[in-house]
Amino acid sequence: MKYADLHSNIRIRIITDFFTDLTQKSIIPFMAIYLSIQIGAGLAGLLLTVNIVASMIVGLWAGYWSDRIGRKKLMVIAQTLQVVALLCLAIANSPWMDSITVTCLMFLLSSLSSGITVPIANAMIVDVSSEHERHYVYGLQYWTTNVAVTFGALMGGLFFESFRFLLFSLVCLESLATLFILIFMIRETMDKRVFGCGDAPIQRNILKTYRAVFQDKRFMIFFTATVLAVSLEFQLDKYIAVRLKSEFTAQLFGSDISGLRMFSLIMIINTVLVALVAIPFSRWMGRFQSRAIMTVGMCLYTAGFAVLAFSNWAWLLISSAILLTIGELMYAPVRQVMLAGLIPDSDRAAYMAADGLSYNVAALLGSIGLTFGAFLPSYVMAVLYVLMGLAALVFFRMSLRKAEEQNQQLACADAF
């Protein structure tokens, strides 16, 4: 499988998604600090919560309507809103104007735009890819996302505090270029999708649509598995970071290393490994069965986080960082392939939007983990991580088994 062999929509989306992620990650992580200084930590936290909730709601709305009026229309509308939001953010933080009110409103508009785009873009990739291609596509997408996060954090760190006008201007230009690419180069995939008969999706309102989604037992098993797996990832910059800061101190290569430096080293290891091996690794993984990849990947991923929860030995922590990264490289693309395979053609974007909620629930569990960690010893947290990882693996395997049973039933039906 080669990049040039992919559908033109996928090739374009991977490029534009990279720049979209770059834009978001150069702004969002630093906006919390900026707003805390400007309006206080309490109001800043409330505003960020409103942004997350609003983004979730608009994502569900976008998923519903994308399955009815098409992908491209809503993506163009969302990208236009993004351009407007970033342009106004640049003006509101320019040498001629300094408005925290406009900044807050446009930050909200930018979040709404992202909430619309994500489930539709994910559905579009499924529309024009085969099951054979998806291992490579999602591995490539995983790589570009992590590289974008790295460079976005670097851009934000260099420019956000002192050169916000320049930063917002640059990302506005990038967003404008993305808008023109969407208008003139992306093709609509709606006409390639198949709608059912009877209670067709086009006849269902939004409440009935999402009630059907969340009554889909196979999807909810998969949803639960995703929440448990991703919640481990959210522990890294919460409980694990806090524990290392308070407990860890050691010498590495003859130099003292603090807990914060150890945490930074773990993040660097994760980023560099993903950047170096994600694409060839995803190609290699395509040779094996999804069940085997998921099992080994989740075991490595879980073991890595369990060790990070209690160990204060530097070399063991470094080994664990490598272990969990390899596990993530194995299970994450397979998870996306599984999702693409279990959602019905008629409600792709709606299912993608519902899947996005799993990350919000996982983020909530990550915060709860930080609270539990204040009262529980580190070895108990490690045991909890193991239980969460094993439960996620069990649910993922259940989803795979149900998918295999359904495929066998369809094959038997076709035979008759």
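A residue counts as buried when its relative accessible area is under 20%. Arg 71, with a relative accessible area of 0%, is therefore buried. The model in which this residue sits is a predicted one.

**Confidence**

The protein chain has a mean pLDDT of 83, and 92% of its residues reach 70 or more. Two stretches fall below 50. Over residues 195–201 the pLDDT is below 50, yet this stretch has 11 contacts in the model beyond near neighbours in sequence. Residues 410–416 also have a pLDDT below 50, and there the number of such contacts is 0. Where pLDDT is low, the predicted coordinates should not be read in detail.

**Salt bridges**

The whole structure contains 6 salt bridges. Three of them are listed here with the distance between their closest N and O atoms.

| Salt bridge | Closest N and O atoms |
|---|---|
| Asp 67 with Arg 71 | 3.1 Å |
| Asp 127 with Arg 71 | 2.8 Å |
| Arg 335 with Asp 355 | 3.1 Å |

Arg 71 takes part in a salt bridge with Asp 67 and in another with Asp 127. The pair of Asp 127 and Arg 71 links distant parts of the chain: Asp 127 is in helix H5 (residues 100–127), Arg 71 is in helix H4 (residues 71–92), and their positions lie 56 residues apart in the numbering. Asp 127 has a relative accessibility of 12% and so counts as buried. Asp 67 and Arg 71 are both buried as well. A network of salt bridges links Asp 67, Arg 71, Asp 127 and Arg 348.

The salt bridge between Arg 335 and Asp 355 has its closest N and O atoms 3.1 Å apart. Arg 335 lies in helix H12 and Asp 355 in helix H13, so this pair ties together parts that are 20 residues apart in sequence. Arg 335 and Asp 355 are both buried.

**Helix H12**

Helix H12 covers residues 314–342. With 29 residues at 1.5 Å a residue, H12 should span 42 Å, and its end C-alpha atoms are 41 Å apart, which agrees with that expectation. Of the 29 residues of H12, 22 are buried, so the helix is largely enclosed by the rest of the structure.

**Buried positions in helix H10**

Ala 278 belongs to helix H10 (residues 259–285). Its relative accessible area is 4%, so Ala 278 is buried. Leaving out residues up to four places away in sequence, Ala 278 touches Gly 139, Trp 143, Leu 273 and Leu 329. Thr 325 is 47 residues from Ala 278 along the chain, and the two C-alpha atoms are separated by 9.9 Å.

Val 274 lies in helix H10 too. With a relative accessible area of 0%, Val 274 is buried. Outside the residues up to four places away in sequence, Val 274 touches Tyr 142, Trp 143, Asn 146, Thr 325 and Leu 329. Trp 143 and Leu 329 thus appear among the contacts of both Ala 278 and Val 274. Phe 107 is 167 residues from Val 274 in sequence, and the C-alpha atoms of this pair are 29 Å apart in space.

**Buried positions in helices H5 and H1**

Ser 113 is in helix H5, and at 1% relative accessibility Ser 113 counts as buried. Neighbours within four places in sequence aside, Ser 113 is in contact with Ala 78, Gln 79, Leu 81 and Gln 82.

Thr 23 is in helix H1 (residues 8–25). At 4% relative accessibility, Thr 23 counts as buried. Beyond residues up to four places away in sequence, Thr 23 touches Leu 86, Val 171 and Glu 174. The C-alpha atoms of Thr 23 and Phe 151 are separated by 9.6 Å, although these residues are 128 residues apart along the chain.

**Nonpolar surface patch**

A nonpolar patch on the surface is formed by Leu 364, Ile 368, Phe 372, Phe 375, Leu 376, Val 383, Leu 384 and Leu 387, which together have about 750 Å² of accessible area. Helix H13 (348–373) and helix H14 (378–415) are the elements that give two or more residues to the patch. One of the patch residues, Ile 368, is placed in helix H13. Ile 368 has a relative accessibility of 33% and so counts as partly exposed.

How values were computed: Residues numbered from 1 in each chain as written. Predicted model: local features only at pLDDT ≥ 70, side-chain atom pairs only at ≥ 80, totals over all residues. Heavy atoms only, no water. pLDDT = per-residue confidence, 0-100. Contact = heavy atoms within 4.5 Å. Helix = DSSP H or I, 4+ residues; strand = E, 2+ residues; numbered from the N terminus. Buried < 20%, exposed > 50% of the residue type's maximum accessible area, 1.4 Å probe, protein only. Patch = residues over 30% accessible without salt bridge, like charges linked within 9 Å, V, L, I, M, F, W, Y side chains within 5 Å. Areas by Shrake-Rupley, 256 points an atom, 1.4 Å probe, with all protein chains shown as cover. Salt bridge = Lys/Arg side-chain N within 4 Å of Asp/Glu carboxyl O. Expected span 1.5 Å × (residues − 1).
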